[in-house]
Every structure is written in C-alpha cells, then in structure tokens.
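Reader: I have a structure open on my screen and would love to go through it with you. Could you take my questions one at a time?

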Amino acid sequence: MTERSLPRAIRQAMPVAREVAVEVAKQYGVCIRPIPLRRLDVHTGRWEIVDVPCGATLDAKCPSCAKRNRQLRMAQCREGWHLDQEPAITPDEPNEEQRWLVEFRADLQARRDQADALGEGTTDWDAAIEGVDAEINQAGMRGGVLGRTVPKRTRSTRRRQDAPNLPKHRMTATTLGRTFESSDGKAYRPSLFVTLTLPSYGKVRDGVPLDHETYDYARAARDALHFSKLVDRFVQNLRRVAGYDVQYFATVESQKRLAPHLHMAIRGTLPRAEVKQIAAATYHQVWWPPADTVVFEGSHLPVWEDGTGYLDPATGEVLPTWDEALDQLDTDENATPLHVIRFGDQIDVKGVLAGTPDADQCIRYLSKYLTKSLGDSLDTDNPAQRQHAARMVEALRFEPCSPACPNWLRYGIQPKHAKPGMAPGRCRSKAHKPDHLGYAGRRVLVSRKWSNKTLAEHKQDRRTWVLEALGQPDEAPDPHRYIWKPVPAGDANVPPLAIRLLRSVAERQRWRTHMAQLQAQADGQDLSATDLGRAA
Ligand SMILES: [Zn+2]
Ligand SMILES: [Zn+2]
C-alpha cells in the first residue's frame, strides 16, 4: 500500500479520517461499504476502478443502501397493490450483468470455502456473498443463485399434507380482485391488509414472559424455524378459497415477544370472516426424523471416517444418513410429524381502498422495520428482554434448522451432505443467530404477479425520473460497453476507503446543488417540492 510511505503521524490519523468520512457519507446517503470492481471501457480501451454500492438491506450494515432499498420496496408495494390490469410476466433472458454477477458469486463462494477449509475466518467472505446476492436479486433475477440443485424427494401419499376443510371456489385466471360500483357510477377497488401472528407460548408483559420456566421456548423456536412454510400454506389455501390467483406483498417482522409475524397487503378482497377461517384452518406438518431424544452430547459425539461418514463413537456403527432416516420415517406406520405449526388467534384483517390515506399508511407500516434485523426489536436496555432473547437463542442452539444442520448428529442422524468437522451446537446458519431468532427466510415476500416490474425496474424508474427532472436524455446504457472483473483483496490501486467515500459525497453534493436549483425554478411550476424530495 502507498500508505506505508506516509509519515507515521499521518498514518495514525488515518483511521480517524475514515470514521469521519463514514459519518459524512451516511449523512449524504452514500454507500459506506462500496465494493471496488475493475471495469474495462471497450470504447476507450481503458481499465478503471469503480465502486458499486454494497446493496445492504439492513441498517446496521450500511444505512444508506438499507434506506434506498426500503424506498424501492415501498414503491414496489404501492404500484402492485391496486393494479387494474393483469400484469404481463415474461421472464427475461439473463443479461450480461446478471451473468457476470453469478460468475462473480461463484468465485466468492470458492474463496470462502477455501478460507473455511484452511480454518480462517469467513465472516468477510460471507458478508461479501450476501452483498452480491442482494445485487443479483436487484439485477432482476428471482430467488437465490443455487436454486433447486437436486430433484425434490417424492413422499409417500400418506405423508402428504392433509388439505384443511375449507370452502373451495372455481379458479378463474385473474390476479385482479373485484371492483364495486357506487350509485354515482364510481368504481371502487377494495383490497386487504392482513396481520398473522403465532400462538401464545405463555403469558407475556412488555414482550417478556411472566414465567420463563413455563414459557414454551422449544415450541417458540420450532415455530420460528418453520414460519415461512406456514406462510406458503396460507397463500395456497387463500388462493383455493378466493378462486383467483391472489397476489400479495408481505413483510416478516418480529413481535416484542421475539416471535416472527407477518403483514400482508393482498390485492382484491374476501370477506373478513373467510380470511380468519383460512388462517385458523392453515397448518404445516414438518416431516423430519424425531429430534426429541438426545443420543450424543458433550464429549460423546459421532466421529467422522473418510469414505464412510459419521460413526457411533462407542460401537463404530455407521449412523443413518439423512435419506435413510427419511425412508425409515416413511415406512413407520405410527410416525408423527416432528412439528406441526399453526397461527395463533390474533389475526387482524382490514379492508383498504385504493388511493386512500389508509392505503398509504399501510404501506409505510409494511416497510417500517425493513432496515432492521429481527433481533433489533429487542429492547437492549431492558435486562429482562435481554434474558428472554438469550433463552430463545439457547432454545435454538440444538434445534435442527434444516436437513443439513449439524445438530442432527445430536439425535443420531447424519446431516444431509455430511462432511468432516461437523458438531451439534455449532451450526453456522443464520437461523441460530441472535439477529434472526430462528427465522432465516426472506423479510419481503412478493408474489410473482404483484407488479409488472422487478426491483431493478423500479430502480430504473427512479433514475429516469431524476434524469427527466435534470433535463437530460435517459439513454439506455450500452450493455456491451464494459467488461467487469473482481478486484483482488489488497489491490494497491484501490484508494483508501475515506478517499473513495469523500469522492462519492462530493458527487452527491454537486447533484444536490443541481436539484436545489431546479427546485427554485420549479416554484410556481408543476414540479412540487415533494417530488424533488422523493428523488433525493
Ligand atoms: Zn451500501
Ligand atoms: Zn442449523
């Protein structure tokens, strides 16, 4: 690094400069963890280093990106809720940028795995991968990169989820809800705002159990782990009863008692009583092997043998693999699901009309906590709440979070894709972490036909609007102009972070000045101050 040649006094002052630059960057809404990338401009034949935003979705990581992401989500929610025409959904071919991101993601994964194999920390790699995943989603691809790599296991019919007893309507091929006409001929487009919570695990006051001895932490932990499956079931049942292809925009948040709950904007309407009936009838059975009897713990743990797998340390017997354990479950006539999850009776269903202040308020409410992690609802000044959270994390510690969770060893089963070095209580999945409290799924759930646009397209809308306001043509960038490459760690061509942040701030400042001038011109014209504020 060039910094080596600087006098010691200046070198020592650098970290302070960096902190100051980060604070200034935050004030200006500039990404504080930019990812440097090398790009070749094929028009000029020049390589340059460019910062791309980290794309963090959580405030704690990069408030600037988190805030921008929240605004995009609000725009997405608003645009889809009361659509009056069917959205046209045609998945696009992956473009250059998307393909590049996926390749880059593969490189990062390889380096992360290498670091892991060498016993080095992987925190930075994990953070980088998370950032790239967010970029990939924002680049318009749906879902994760890995997707489904193995064919889904077919279950015996007996193990199928029983269909709850609910009224059924003939399906019509529409995603739009009904409209109603008032006597003066005006059309109303009513929709729903639904809040679903989990059942009680014991009495609580201010988010803290009155008696932690009797509070059902084990159940709370399993419910949180499988919450997203229950939400899927609810949507399936909702569509079956509603008789049309119901679309939704939902967010998962934490209640004060640290259980996940769901807010859902639904396009179209059903009678409130029917929605409550659907929620009450919805459940999900977790057909996993039993995990209630501890087989191995402490220093009595399964041992790995190359080419064989995990063995019983005392007898040398090979433990059943994940697939064998599932087969065993299938043939056992008396088997019961490991867990059955249902909603609690605190279900809130509210009718909302398109374009009313009420609808706006719901959208703000839906996105209110999007920039916080689930664990952030914790009141850290309150020792009782801290203890409650610690007990929840403890309950999650040995609970299997997925078929690949090392915790299966505790119950005498080899986890799926077993490999050496696994130990119960040391699963690194998000679900076990205090930030997630069991729920490691997506925070925003948007059905495929919610709006006509991907998040990337909503981003483009914003850009178009700003360029129009600035009186500049919005030319589609030439997708073949740049070739992108990752920057190796420690590349001396990357300037110190403080300098990169301050450069971005200066750019933002120029832009804001320009917007302020426009605003002055706009006084008395069509452009309102709030319109301009929205762009900033
Ligand atoms: Zn950022
Ligand atoms: Zn796990």
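Reader: Which residue in S16 stands opposite Asp41?

Author: Happy to start there, with the reminder that this is a predicted model. Strand S1 covers residues 35-41, and five bridges join S1 to strand S16 (residues 482-486), the two running antiparallel. Opposite Asp41 in S16 stands Tyr482.

Reader: How many bridges join S1 to S2?

Author: S1 and S2 form a hairpin, with four residues between them. The two strands run antiparallel, and the number of bridges that join them is seven.

Reader: What is the phi of Gly45 in the turn of that hairpin?

Author: Gly45 sits in the turn between S1 and S2. The phi there is positive, at about 75 degrees.

Reader: Is S1 mostly covered or mostly open, and how many of its residues are buried?

Author: Burial here means a relative accessible area under 20%. Strand S1 has seven residues and is mostly covered, the buried count being five.

Reader: Which residue is the bridge partner of Leu40 in S2, and which charged residue sits over the ring of that partner?

Author: In S2, Leu40 has Trp47 as its bridge partner. The ring of Trp47 has a charged end sitting over it, 4.5 Å from the ring centre, and that end belongs to Arg38.

Reader: Where else does an arginine lie over a ring, and at what distance from the ring centre?

Author: For an Arg, the atom that counts is CZ, which must be within 6 Å of the ring centre. Arg410 lies over the face of Phe398, and the distance to the ring centre is 3.8 Å.

Reader: Now the metals: which residues coordinate the zinc ion (ligand 1), and how are they spaced in sequence?

Author: The zinc ion (ligand 1) is held by the SG atoms of Cys31, Cys54, Cys62 and Cys65, at 2.3 to 2.4 Å. Among these donors, Cys54 lies in the loop between strand S2 (46-52) and helix H2 (63-81), while Cys65 is in helix H2, eleven residues apart from it. Along the chain, the spacing of the donor residues reads C-x22-C-x7-C-x2-C.

Reader: What arrangement do the four donor atoms around the zinc ion (ligand 1) make?

Author: Four donors count as tetrahedral if all angles lie between 85 and 135 degrees. Ideal tetrahedral angles are 109.5 degrees. Around the zinc ion (ligand 1) the angles are 106 to 113 degrees, so the arrangement is tetrahedral.

Reader: Is Cys62 buried or exposed, and what is its relative accessible area?

Author: Two of its fellow donors help set the scene: Cys54 counts as buried at 3% relative accessibility, and Cys65 counts as buried at 6%. Cys62 is buried too, with a relative accessible area of 0%.

Reader: What separates the C-alpha atoms of Ala66 and Ala56?

Author: Ala66 is in helix H2 and counts as buried at 1% relative accessibility. Ala56 is ten residues from Ala66 along the chain, yet their C-alpha atoms are separated by 5.5 Å.

Reader: Which residues coordinate the zinc ion (ligand 2), and what arrangement results?

Author: The donors are SG of Cys401, Cys405 and Cys427 together with NE2 of His432, at 2.1 to 2.3 Å. Their spacing along the chain is C-x3-C-x21-C-x4-H. Because the donor atoms subtend angles of 101 to 115 degrees, the arrangement around the zinc ion (ligand 2) is tetrahedral.

Reader: With so many cysteines mentioned, how many disulfides does the structure hold?

Author: A disulfide would need a pair of cysteine sulfur atoms within 2.5 Å. The number of disulfides in the structure is zero.

Reader: What kind of pair do the rings of Tyr201 and Tyr215 form?

Author: The model has ten aromatic pairs. The rings of Tyr201 and Tyr215 have their centres 6.0 Å apart and their planes at 75 degrees, so this pair is edge-to-face.

Reader: Which residues form one aromatic cluster with Tyr201?

Author: Tyr201 and Tyr215 are both buried. The residues that form one aromatic cluster with Tyr201 are Tyr215 and Tyr217.

Notes:
Residues numbered from 1 in each chain as written. Chains lettered and ligands numbered in written order. Predicted model: local features only at pLDDT ≥ 70, side-chain atom pairs only at ≥ 80, totals over all residues. Heavy atoms only, no water. Donors = N, O, S within 2.8 Å, 3.2 Å for Na, K, Ca; no water. Tetrahedral: all angles 85-135°; square planar, octahedral: opposite > 155°, others 65-115°. Buried < 20%, exposed > 50% of the residue type's maximum accessible area, 1.4 Å probe, protein only. Pairing = 2+ DSSP bridges. Phe/Tyr/Trp six-rings, centres within 6.5 Å; stacked < 30°, edge-to-face > 60°. Lys NZ or Arg CZ within 6 Å of the ring centre and 35° of its normal.
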